[in-house]
Every structure is written in C-alpha cells, then in structure tokens.
Amino acid sequence: GLFRVLSNGIYHLEQFAMNANSCTHLFIFLTKLMFETGVYPNRSECVISGENLSNNGFVTLMPEHGGFAKSEFIDNNKYIENDINLLNMMGQISGESYKNIVFEKLNFNKKEVNKIFNFFCYQFNLEEKDFKSLSLCI
C-alpha cells in the first residue's frame, strides 16, 4: 500500500544519498505511487483509438485522457515528443519491487519526471504550486 511505497522510497533514497540521481528516485517513487493509488496511466491500449500499443511505436503520455496515445491519433501539436521510454520504463518499474531495482542502471531526467508528475497532478486535480519544495527536487 501507500505506506510501503513511501517507506521504500525513503529507505532507498537514504541508501543512495551520496550518489543519488534525484530525478531517477522521484521517477521511481511517482511510478510506484501512481500504481498503488490507481491513477496509473493506461499502457496497454491507445487512449484515443483503443488500439494496442506496441513497445516500440511513437506514443505520447496524455494526462487528460489517462494514458498513452499513438501519434497518428493526436491532433494537437502540443504532443510532439515520443514517450515510448516512459511507457516501457513505467511498466518495468511498477512490476518490480524496490529491492530488485538496479538504480545505477537507471537515469531519468527532469523532463521525464515532469511528464509523470504532471500526469499525477492532473489525476488528483493538483497544481505544481501546491508543492512548495518541488523546485528543490526537479
């Protein structure tokens, strides 16, 4: 549950504090938190067309639709980046226990963390300004 996600997140952040990539830890924590709270993005099918998503196509995370969409079904130029890495990594992380994650092999950047953080905020009707210390993390 939520306590397990929070306690594991804090424990692993403390373990790797000396060489921690805060973006990677925040990405993992948010992925696990969204999975546990039930606001995890739909990764199996396009949220616009309903077609199956492949693990190597051009997809974009769309918070207002609750998941990933294939690029050919996106009308708005706002979504021009391929989020296939998010789709694949979120799948790997959500199904893996914290103790089995090899943190040293993962490296997420601020843009990737911002995408899933924005998804999280949209699902809970929150805004970045609601998180006072966010600028210290990302």
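In which helix does asparagine 118 lie? In this predicted model, asparagine 118 is part of helix α4, and that helix makes a handy starting point for a walk through the fold.

Helix α4 covers residues 110-123, which gives it 14 residues. From its first C-alpha to its last it reaches 20 Å, close to the 20 Å expected at 1.5 Å a residue. Asparagine residues turn up at several places in and around this helix. At the N-terminal end of α4, asparagine 109 acts as a cap, with a side-chain oxygen 3.1 Å from the backbone nitrogen of lysine 111. Just after the helix, asparagine 125 adopts a positive phi of about 55°. Asparagine 118, within α4, is partly exposed, because its relative accessible area is 34% and the partly exposed range runs from 20% to 50%. Setting aside residues up to four places away in sequence, asparagine 118 touches Pro63 and Glu128. Proline 63 is 55 residues from asparagine 118 along the chain, yet the C-alpha atoms of the two are separated by 7.3 Å.

Other residues of α4 are hidden from the surroundings: Glu112, Val113, Ile116, Phe117, Phe119, Phe120 and Cys121 are buried. One of them, isoleucine 116, is in contact with Phe27, Leu30, Thr31, Met34, Leu61, Leu86 and Met90, leaving aside neighbours within four places in sequence. Isoleucine 116 also has a prominent place in the largest nonpolar core, which holds 36 residues. Together with Phe27, Ile28, Leu30, Met34, Phe68 and Met90, isoleucine 116 is among the residues that touch the most other members of this core. At least two core residues come from each of α2 (22-37), β1 (59-62), β2 (67-70), α3 (84-94) and α4. Helix α2 gives the most, with seven residues.

Helix α3 can be described in a similar way. Its buried residues are Ile84, Leu86, Leu87, Met89, Met90, Ile93 and Ser94. The elements that cover these buried residues include α2, β1, β2 and α4. Ahead of α3, in the loop between β2 and α3, sits aspartate 83. With a relative accessibility of 5%, aspartate 83 counts as buried, because the limit is under 20%. Not counting residues up to four places away in sequence, aspartate 83 touches Val59, Thr60, Leu61, Phe68 and Lys115.

Aromatic rings add another layer to the picture. The model has four aromatic pairs. In one of them, the ring centres of phenylalanine 27 and phenylalanine 108 are 3.8 Å apart and the planes meet at 10°, so the pair is stacked. This pair brings together distant parts of the chain, as phenylalanine 27 belongs to helix α2 while phenylalanine 108 sits in the loop between α3 and α4, 81 residues apart. Phenylalanine 27 counts as buried at 0% relative accessibility, and phenylalanine 108 counts as buried at 4%. A further stacked pair is formed by tyrosine 98 and phenylalanine 103, with 6.4 Å from centre to centre and 20° between the planes. Both tyrosine 98 and phenylalanine 103 are buried. Tyrosine 98 has a charged partner too: lysine 32 lies over the face of its ring, at 5.7 Å from the ring centre.

What does threonine 24 touch, not counting residues up to four places away in sequence? Its partners are Leu106, Asn107 and Phe108. Threonine 24 is found in helix α2 and, at 2% relative accessibility, counts as buried. A polar atom of its side chain lies 3.0 Å from the backbone nitrogen of phenylalanine 108. Phenylalanine 108 therefore takes part both in this link to threonine 24 and in the stacked pair with phenylalanine 27.

Stepping back to the whole protein chain, there are five helices and two strands. Read along the sequence, they follow the pattern α-α-β-β-α-α-α. Of the 138 residues in the chain, 38% are buried. Contacts between parts of the chain that are far apart in sequence feature here as well: among contacts between residues at least 6 apart, 63% join residues at least 24 apart.

Key:
Residues numbered from 1 in each chain as written. Predicted model: local features only at pLDDT ≥ 70, side-chain atom pairs only at ≥ 80, totals over all residues. Heavy atoms only, no water. Helix = DSSP H or I, 4+ residues; strand = E, 2+ residues; numbered from the N terminus. Expected span 1.5 Å × (residues − 1). Buried < 20%, exposed > 50% of the residue type's maximum accessible area, 1.4 Å probe, protein only. Polar contact = N/O pair within 3.5 Å; in protein donor to acceptor, adjacent residues only side chain to side chain. Core = buried A, V, L, I, M, F, W, Y, C linked by side-chain atoms within 4.5 Å. Contact = heavy atoms within 4.5 Å. Phe/Tyr/Trp six-rings, centres within 6.5 Å; stacked < 30°, edge-to-face > 60°. Lys NZ or Arg CZ within 6 Å of the ring centre and 35° of its normal.
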